[in-house]
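Here is a short report on a two-chain model. Please look over the sequence and the fold before reading on.

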Amino acid sequence: MARAVSTRRKALVTICAWAVGIAIFFPILWTVLTSFKTEAEAIASPPSFLFFDWTLENYSTVQERSDYFRHFSNSVIISFGSTLLGLLIAIPAAWSMAFVPGKRTKDVLMWMLSTKMLPPVGVLIPIYLLFRDTGLLDTRIGLVMVLTLINLPIIVWMLFTYFREIPGEILEAARMDGAELWSEIVYVLTPMAVPGIASTLLLNIILSWNEAFWTLNLTAVDAAPLTAFIASYSSPEGLFYAKLSAASTMAIAPILIIGWFSQKQLVRGLTFGAVK
Amino acid sequence: MAFHTRALLSACAMVALCASASAETITIATVNNGDMIRMQGLTKDFTDKNPDIEVKWLTMEENVLRQRVTTDVATKGGQFDVMTIGTYEVPIWGKQGWLVSLNDLPESYDVDDILPAIRGGLTVDGELYAAPFYGESSMVMYRKDLMEKAGLEMPEAPTWDFIVEAAKAMTDKENEIYGICLRGKAGWGENMAFLTAMANSYGARWFDMDWKPQFDTPQWKDTLTTYLDVMNEAGPPGASSNGFNENLALFQTGKCGMWIDATVAASFVTNPKDSQVADKVGFALAPDNGLGKRGNWLWAWSLAIPAGTQKEAAAKKFIEWATSKEYLELVAAEEGWANVPPGTRTSLYENPEYQKVPFAKMTLDSINSADPQNPTVDPVPYVGVQFVAIPEFQGMATVVGQAFSAALAGSMDADAALAAAQAATEREMKKAGYLK
């Protein structure tokens, strides 16, 4: 039986939730608002919140100066490509760890996670040299590979957690019915783990979309994604806050929209187990 | 069978022909300031004159670009054919053999026309390793109306004593007007660029001829105490986190009486579209202390060719175009003389049209008063006015900058900051092998 919650308590929780939500969202809202201001209004003190001359000038300048769609398509290819490739590798890996654990499974999982603890700049030069010698510098395929490897520990860990909550008996039953390994993974396990796989997919797309170390350091012109697009608008000598805000808004808009439409899936996947 | 072979051969020949006829593409990495973006916009002039060369651009923020091109040049990655680099990098990279010499530029390029101070900073052992695209120094920008209200008149070449006096007289904290805005944010290119240049005018230096750090000398103490006193009395609140952009915002919104910073700021603060004080700004040389050295810096963004490139000839052609006299005329014709990249060529300052630009003379005088080979009163073993052109400097100066920024924030006094700077620098210099 659900516990009775008083109206006052409900109101308090709602207010708190809204306050936290607004505090988190405010910088993004401010960026969007600044993108519609002139440069002079962007630095005005005290700043105006809504009552200023709205202008689209910054967006047209940004579009004129850089090729947004090339950067955008690179971002899409790199983030989706690396996530899908990562899932392809991680689903069988997580399956074996969840259902056929060995003596060292836990150690392997911890070891995989430990690779995330090394600061990326520590391996920049070796990776750069490898990329140079294999001709992968400034290629989308190279970035897909690097981002796959970087996000693989997270993908494996997330999937492992979801898979572990699926009762092994269901898979056993499938085996009793004559399912082979491949059919077991594709027809039994995957449909049951869809919420988990979906939230892993979404989270990794967001992580790859926002990744700004490797995408800046391993690209030049051809494979440069939206992170490079933003980096061309921040300036240590010159106040171009409005243009920078316009570039940032254009860069985060696609992922914000995807996140908005898939938030239910994302929250469900992150907060619930696979079988409840 | 014979027919197939012939067809295959002709196809191969066609492909080879197409490949040889297709244009060579050069990739240029550059910082995203106004002059460079203008150059990007004018690329068509270059490609029209050189139809066999195509140009691709990577424009980035200074710090990101520095990291990106350093990785590439050090590993001979070959990603870029032309790089925009600063006066700090050129001597270090030139010595390492990472850059292609530009000594063979044709006579028509007129290399002797490049301002000697700028050229000196880009030359290592007689080899010119980069061609300057634009040069800048630092100067005093001040509010003429506030100066008049304070009953003072700014000389063309002020002293530090005058600046301190004027800053205190112009301050009106109740109305949020602060006499002076200076960099306080920690960083080798932030507060340390300003303080190192200021220290030169006090006769201070980073190292003596034996590479021994000099922060324990009275000259550095004078520099830092003057800076802290004037900033505490007449500076804006929270100055320890102010860099170029923060001070620019304060100046443009009418909150600073004086601002000593890069000459490039002149075009921003006098632009009525962005600046509320555009018609009230005056300029003066950076201050001195009667020792024959002014507290201004010298910087040039220059174009260089990394040693790993396969397209050296095309890259040289581009550099020749972008840093030529003809390019300056092209910008003047398209966008007016005020938008011509400043500070590189003597002939530009002899041009009567350019002499009409309000900040032209001040920029030239500032650049000419800086000498990267002899930055301060006593001799030094290094090159550089507001930096020391050794690879260890970035890390060291950032640590020193943090101590000085902490002193400005009030969490330590000047003596403690100087002691910390001395200790950190000695440690680093020992580690790097300069000191026994």
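Where does Ser48(A) lie in chain A? Ser48(A) sits in the loop between α2 (39-42) and α3 of chain A. The model is predicted, so that placement is a computed one. Ser48(A) is exposed, because 11 other C-beta atoms lie within 10 Å and 12 or fewer count as exposed. Leu218(A) is 170 residues away along the chain. The C-alpha atoms of Ser48(A) and Leu218(A) are separated by 40 Å.

**Chain A: annotated spans**

An unreviewed UniProt entry lists six spans of chain A as "transmembrane region": 12-33, 76-96, 108-129, 141-163, 184-207 and 240-261. The unreviewed entry also gives "domain: ABC transmembrane type-1" for residues 72-262 of chain A. The table sets out the make-up of the domain span and of two of the transmembrane spans.

| Span of chain A | Helix | Strand | Distance between end C-alpha atoms |
|---|---|---|---|
| Residues 76-96 | 100% | 0% | 30 Å |
| Residues 141-163 | 100% | 0% | 30 Å |
| Residues 72-262 | 74% | 0% | 20 Å |

**Chain A: a helix pair**

How do α3 and α13 of chain A pack? Helix α3 (residues 57-65) of chain A meets helix α13 (residues 241-261) of chain A at an angle of about 75 degrees. Their axes are 9 Å apart. An angle of 65 to 115 degrees counts as roughly perpendicular, so α3(A) and α13(A) are roughly perpendicular to each other. From α3(A), the contact uses Asn58(A), Tyr59(A), Thr61(A) and Val62(A). From α13(A) come Ala242(A), Lys243(A), Ala246(A), Ala247(A) and Met250(A). By class, this contact has six nonpolar, two polar and one charged residues.

**Chain B against chain A**

Chain B puts 31 residues in contact with 25 residues of chain A. On the chain B side, α2 (34-41), β2 (53-60), α4 (62-74) and α11 (244-252) each give two or more residues. That side has eleven nonpolar, 14 polar and six charged residues.

**Chain B: two domains**

Chain B is divided into domain 1 (24-129 + 298-360) and domain 2 (137-297 + 387-431). The C-alpha centres of these two domains of chain B lie 29 Å apart. Their contact takes seven residues from domain 1 and nine residues from domain 2. On the domain 1 side, α5 (89-96) and β10 (298-304) of chain B each supply at least two residues. Which classes make up that side of domain 1 of chain B? The residues there divide into seven nonpolar, no polar and no charged.

Note on methods: Residues numbered from 1 in each chain as written. Chains lettered and ligands numbered in written order. Predicted model: local features only at pLDDT ≥ 70, side-chain atom pairs only at ≥ 80, totals over all residues. Contact = placed C-beta atoms within 7 Å. Helix = DSSP H or I, 4+ residues; strand = E, 2+ residues; numbered from the N terminus. Nonpolar A, V, L, I, M, F, W, Y, C, P; charged D, E, K, R; others polar. UniProt positions renumbered as here; feature names shortened; annotations may be inferred. Axes fitted to C-alpha atoms, helices over the stretch in contact; angles between N-to-C directions. Parallel < 35°, antiparallel > 145°, perpendicular 65-115°, else oblique. Buried ≥ 20, exposed ≤ 12 C-beta atoms within 10 Å, placed from the backbone. Domains from an automatic or database assignment.
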